[in-house]
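Biologist: Could you pull up the model and walk me through how the ligand is held?

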Amino acid sequence: MSGRIFENIRDIYLRVSRAAMKADRDPSGIEVVAVTKTVPPDLVREAVESGLRLLGENRVQEAKAKIPLVEERTPDSRLSWHLIGHLQKNKARDAVRLFDLIHSVDSGELAGELDRQAEKIGKIQRVLVQVKLSGEISKSGVAPEALLPLLTITRTMTHLCVEGLMTIPPLFEDAAAARPYFSQLRMLRDRTEAAGFVLPVLSMGMSHDFEAAIEEGATMVRIGTAIFGERS
Ligand SMILES: *Cc1c(COP(=O)(O)O)cnc(C)c1O
């Protein structure tokens, strides 16, 4: 297969590997989530045919319509859909049916609702906690000091598995400016692990700053524009 999406993905894998090597990390420890919000199913299919299997959507309604359309076009591929956008409690039921990993848990109530809905269908729902670091413009995410209390609550939730942390730094012209946010998230993770939690996943870094995120410890980068082009 050839074409622009294929070329873009090849370029991203090269850049991921280079950033990993620069930081003395194993490139296989970094997963690329292709962000497919607003991208039509035929273009998503091209990304899958180029080898990507992790696909990120930011809205439950859009994903609900799109997932069957992508899967019927890629019948031989086992895809893993991730929710990367804010989740409202009343969409939790759909979310546990659609997504393997939810990156955006930001309250005990939401965690509890996901746990209840997952139990109903006999699933263990994998999630990340979204953290809002200082100065961040995004409205969702827990404050760093609220992370330990939230994780403590989720300990009793039998159908929820918290695998790590996610953050969205403010958008900077210069990717280097995002770096302190990435290192803050990593340090927060390290302190939290010292308190007895296991949080191997760090979901951070997007098209314009994923190399800085990898150098600071990202294990999952969420990339849209650099794969599919500008969203309309
Ligand atoms: C849209 C989006 C991305 C991807 O952004 P690009 O700049 O297009 O790579 C990543 N993470 C979240 C949460 C998003 O909403």
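Biologist: How far is a side-chain N or O atom of K37 from an oxygen atom of the ligand?

Modeller: This is a predicted model, where local features need pLDDT of at least 70, side-chain atom pairs count only at pLDDT 80 or more, and totals for chains, interfaces and linings use all residues. Numbering runs from 1 along each chain as its sequence is written, and side-chain values use heavy atoms, with hydrogens and water left out. A polar contact here is a pair of N or O atoms within 3.5 Å. For K37's side chain and that ligand oxygen, the distance is 2.7 Å.

Biologist: And how much of the ligand's accessible area does the protein cover?

Modeller: On its own, the ligand has 380 Å² of accessible area (Shrake-Rupley method, 1.4 Å probe). The share covered by the protein is 89%.

Biologist: Which residue puts a polar backbone atom 2.9 Å from a ligand oxygen?

Modeller: R222 uses a polar side-chain atom, 2.9 Å from a ligand nitrogen. The backbone partner of the ligand oxygen is G224.

Biologist: What residues surround the ligand, by class?

Modeller: The residues around it (a heavy atom within 4 Å) include V35, I84, M206 and R231. Counting Gly among the polar ones, the shell divides into five nonpolar, three polar and three charged.

Notes
Polar contact = N/O pair within 3.5 Å; in protein donor to acceptor, adjacent residues only side chain to side chain.
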